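Please take me through this structure step by step, telling me what to select in the viewer and what is found there.

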Amino acid sequence: MTALEAIIQRRIAQTGPINVAEYMELCLSHPKHGYYITRDPLGADGDFITAPEISQMFGELIGLWIAHVWLDQGSPSPFIFAELGPGRGTLMADALRATRNVAGFHQAMQVWLVETSPTLRAKQAENVPKANWASTIEEIPDLPLLLVANEFFDALPIRQFGRDGNGWRERMLGLTDGALQWGLALNLPNYALDTQFPNSPKDTIVETCPIGQAIAAQIGVRIRQHGGAALIIDYGEWQGTGDTLQALRQHLKTDPLSVPGNADLTAHVNFSALAKASNLKAWPLLTQSHFLENIGVSQRAEILRRKDADGVNAAHHRLTHAAEMGTLFKVLCLTSAKAPVPPGFAQ
């Protein structure tokens, strides 16, 4: 039993079952034993790897995309270049290097990294020494906002509900014979779920992410007031159902209840819910492969192959192939209604 599991068991014993969101919040963000608070989870020695760690191409192309949008929107100065959940800062470092010759871009830019993990903030400071840090979007100055969120929303706590007769039952975590055990709360009507998931048959499992929708709403307010764009890259669907909660440890899937605090917990992103919450224009959802090819990943790979053909080929395949990240990951772009067509999203 992990130290965090003992804490969770005591809490349930004292106050009753907790929902999936409460469990994820404890596992990922507990101030002493939370997964993201206590470690650097990335790379071969961690539990998973993200696109920026696979190849410099990813961050470079994102940076050039941001610079293109900045130019298309009139080169506002000053403006915010922000990243949510920036990991080690690899994406931002690559993006800044790729854009250093874009006239006026760096001079107008304020870099903000939204991060709560002290361990990861230390890594980010090494890679992006001129960054500013915030724990929430609300701490970022009110300026035109160009924002990237790569594998951020999948790690936010979700709630799960099962359709039962004419109502919904929330999935809860309780104790059975001294062990954590999933169960279901009482059947209750939920008009919001009926609207979001109409005509769902009995036994359908659905997921909501209230925190993610609240963050999307905050992004929307900033962009509507000051201009900019948000680029959200994650795995998920425009609108999906089913139980997608998963745990990763040492690059392998494991039971989400097996080692609380010592495994990463994620769930698929419902992009339509984020788009609706933002109240911004949502450009057609693209696969990661489609998006990267649209903005020049093959051309960039061809240049890099001159120095490391095998490594670049492997990275290109992993980022874009359907059997790897190419179609599992999606790309959502949000802008104000009057903004120019963002690069890669021409209809």
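Two rings of Phe, Tyr or Trp, the six-membered ring in the case of Trp, make an aromatic pair if their centres lie within 6.5 Å. The model on screen is a predicted one, and it holds nine such pairs.

**Aromatic rings**

Begin by selecting Phe-152 and Phe-153. Their ring centres are 5.1 Å apart and the planes meet at 85°, so this pair is edge-to-face. Phe-152 and Phe-153 are both buried.

Next, select Phe-291 and Phe-345. This pair is tilted, with 5.5 Å from centre to centre and 40° between the planes. Where do Phe-291 and Phe-345 lie? Phe-291 is in helix α12 (residues 288-294), while Phe-345 is in the segment after β17 (329-335), so the pair ties together parts that are 54 residues apart in sequence. Phe-291 counts as buried at 1% relative accessibility, and Phe-345 counts as buried at 2%. Add Trp-65 to the selection: Trp-65, Phe-291 and Phe-345 form one aromatic cluster.

**Charges over rings**

Now move to Trp-182. Arg-171 lies over the face of this ring, 4.1 Å from the ring centre. Then select Trp-283, where Lys-281 lies over the face at 4.4 Å from the ring centre.

**The largest cavity**

Return to Trp-65, which is one of the residues that line the largest cavity. This cavity holds about 40 Å³ of space. To show the rest of its lining, select Val-69, Asp-72, Gln-73, Ala-229, Cys-333, Thr-335, Pro-340, Val-341 and Pro-342. Which element gives the most to this lining? It is α5, with three residues. Both α5 (56-72) and β17 supply at least two residues of the lining. By class, the lining has seven nonpolar, two polar and one charged residues.

**The second largest cavity**

Keep Gln-73 selected, since this residue is also listed in the lining of the second largest cavity. The space here is about 30 Å³. Trp-70, Pro-76, Phe-79, Pro-144, Leu-145, Leu-146 and Gly-228 belong to the lining too. The residues around this cavity divide into six nonpolar, two polar and no charged.

**The second largest pocket**

For the next stop, select Ile-158, Glu-207, His-268, Val-269 and Asn-270. Of the 21 residues that line the second largest pocket, these are the closest to its centre. About 280 Å³ of space lies in this pocket. Colour β9 (205-208), β10 (228-237), β14 (269-270) and α11 (271-278) to see the elements that give two or more residues to the lining. How many residues of the pocket lining are nonpolar, polar and charged? There are eight nonpolar, ten polar and three charged.

**Two cysteines**

Finish with Cys-27 and Cys-209. A disulfide needs two cysteine sulfur atoms within 2.5 Å, and the count of disulfides in this model is zero. Why does Cys-27 have no such bond? The closest cysteine sulfur to that of Cys-27 is in Cys-209, 15 Å away, which is too far for a bond. Seen from the other end, the closest cysteine sulfur to Cys-209 is that of Cys-27, at 15 Å. Cys-27 counts as buried at 1% relative accessibility, and Cys-209 is buried with a relative accessible area of 16%.

Notes. Residues numbered from 1 in each chain as written. Predicted model: local features only at pLDDT ≥ 70, side-chain atom pairs only at ≥ 80, totals over all residues. Heavy atoms only, no water. Phe/Tyr/Trp six-rings, centres within 6.5 Å; stacked < 30°, edge-to-face > 60°. Buried < 20%, exposed > 50% of the residue type's maximum accessible area, 1.4 Å probe, protein only. Helix = DSSP H or I, 4+ residues; strand = E, 2+ residues; numbered from the N terminus. Lys NZ or Arg CZ within 6 Å of the ring centre and 35° of its normal. 1 Å grid on protein atoms, 1.4 Å probe; cavity = no way out; pocket = protein on both sides within 12 Å on 5 of 7 lines; lining within 4 Å. Points joined across faces, edges and corners; volume = space filled by probe spheres on them. Nonpolar A, V, L, I, M, F, W, Y, C, P; charged D, E, K, R; others polar.
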